[in-house]
Amino acid sequence: LISLEQELEHLRSYLIIEEARFGNRLKVLYRLNHGKDTWYIPHFTLQPIVENAIKHGLSSKDKGGTVIIETRKLNGDLQIIIEDNGKGIPSEELKGLLKPGIFSKTGCGIALANINQRLVSLYGPEYQIRIKSTEGSGTRTYLMIPQNTLADQRKRAYG
């Protein structure tokens, strides 16, 4: 587990490369409203979700698009929302998106399933990833992180 601030630093490093590739076709907005240094999440949680938003949602759009990374407090937990205004996900694909091994032309579908499995293993089924998407309008991915101290989360994760 690492602080949300550390995870965001890793994400920013990745996004420097993507912004260089896409130029003015990619815009990234941060709406970070709560304690980046006091919330702890599993390492390598955000980057694969943002990568999917860019690769599957925005890269095929001529004008590119925007990814928004937002945090908000919800019922004492931290909600992280990653939103894009890309092409969206067809409803038949959306149904199986969190199941491992969804093979397609653009990937093998392991990242989201792995992240979801880690969150559920650490925090319980109520903390699974939730995805809402509308074809032609974009996708929102929701993560919930329980309010705990780092010691509490490490104990939960590692016994």
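**Figure 1. Helices and strands in the predicted model.** Helices here are DSSP runs of at least four residues, numbered from the N terminus, and E18 is found in one of these, helix α1. Keep in mind as you browse that this is a predicted model. The protein chain contains five helices and seven strands. Followed from the N terminus, its elements come in the order β-α-β-β-α-β-β-α-α-β-β-α.

**Figure 2. The protein chain as a whole: burial, contacts and surface.** Of the 159 residues in the protein chain, 43% are buried. If you look at contacts between residues at least 6 apart in sequence, 70% of them join residues at least 24 apart. The accessible surface adds up to about 8700 Å², and carbon and sulfur atoms account for 51% of that.

**Figure 3. Helix α1 alongside helix α2.** Here we zoom in on a helix pair: α1 covers residues 4-22 and α2 covers residues 46-58. Their axes come within 9 Å and cross at roughly 25 degrees. Angles under 35 degrees count as roughly parallel, so α1 is roughly parallel to α2. The crossing of α1 past α2 is right-handed. On the α1 side, the contact is made by L4, E7, L8, L11, Y14, L15, E18 and F22. Helix α2 contributes L46, Q47, V50, E51 and I54. Sorted by character, the residues of this contact comprise nine nonpolar, one polar and three charged.

**Figure 4. A closer look at E18.** Staying with helix α1, this view centres on E18. Is E18 buried or exposed? Its relative accessible area is 7%, and buried means under 20%, so E18 counts as buried. Which residues does E18 touch, once those up to four places away in sequence are set aside? They are L26 and I54. The second of these, I54, is one of the α2 residues in the contact with α1, and E18 is itself among those on the α1 side.

**Figure 5. L94 and its surroundings.** Our last stop is L94, which lies in helix α3, residues 91-95. The relative accessibility of L94 is 23%. Because partly exposed covers the range between 20% and 50%, L94 is classed as partly exposed. Leaving out neighbours within four places in sequence, L94 is in contact with I89, I131 and S133. Take a look at T134 too: L94 and T134 are 40 residues apart along the chain, and their C-alpha atoms are separated by 9.9 Å.

How values were computed: Residues numbered from 1 in each chain as written. Predicted model: local features only at pLDDT ≥ 70, side-chain atom pairs only at ≥ 80, totals over all residues. Heavy atoms only, no water. Helix = DSSP H or I, 4+ residues; strand = E, 2+ residues; numbered from the N terminus. Buried < 20%, exposed > 50% of the residue type's maximum accessible area, 1.4 Å probe, protein only. Contact = heavy atoms within 4.5 Å. Areas by Shrake-Rupley, 256 points an atom, 1.4 Å probe, with all protein chains shown as cover. Axes fitted to C-alpha atoms, helices over the stretch in contact; angles between N-to-C directions. Parallel < 35°, antiparallel > 145°, perpendicular 65-115°, else oblique. Left-handed = near helix turned anticlockwise from the far one by under 90°. Nonpolar A, V, L, I, M, F, W, Y, C, P; charged D, E, K, R; others polar.
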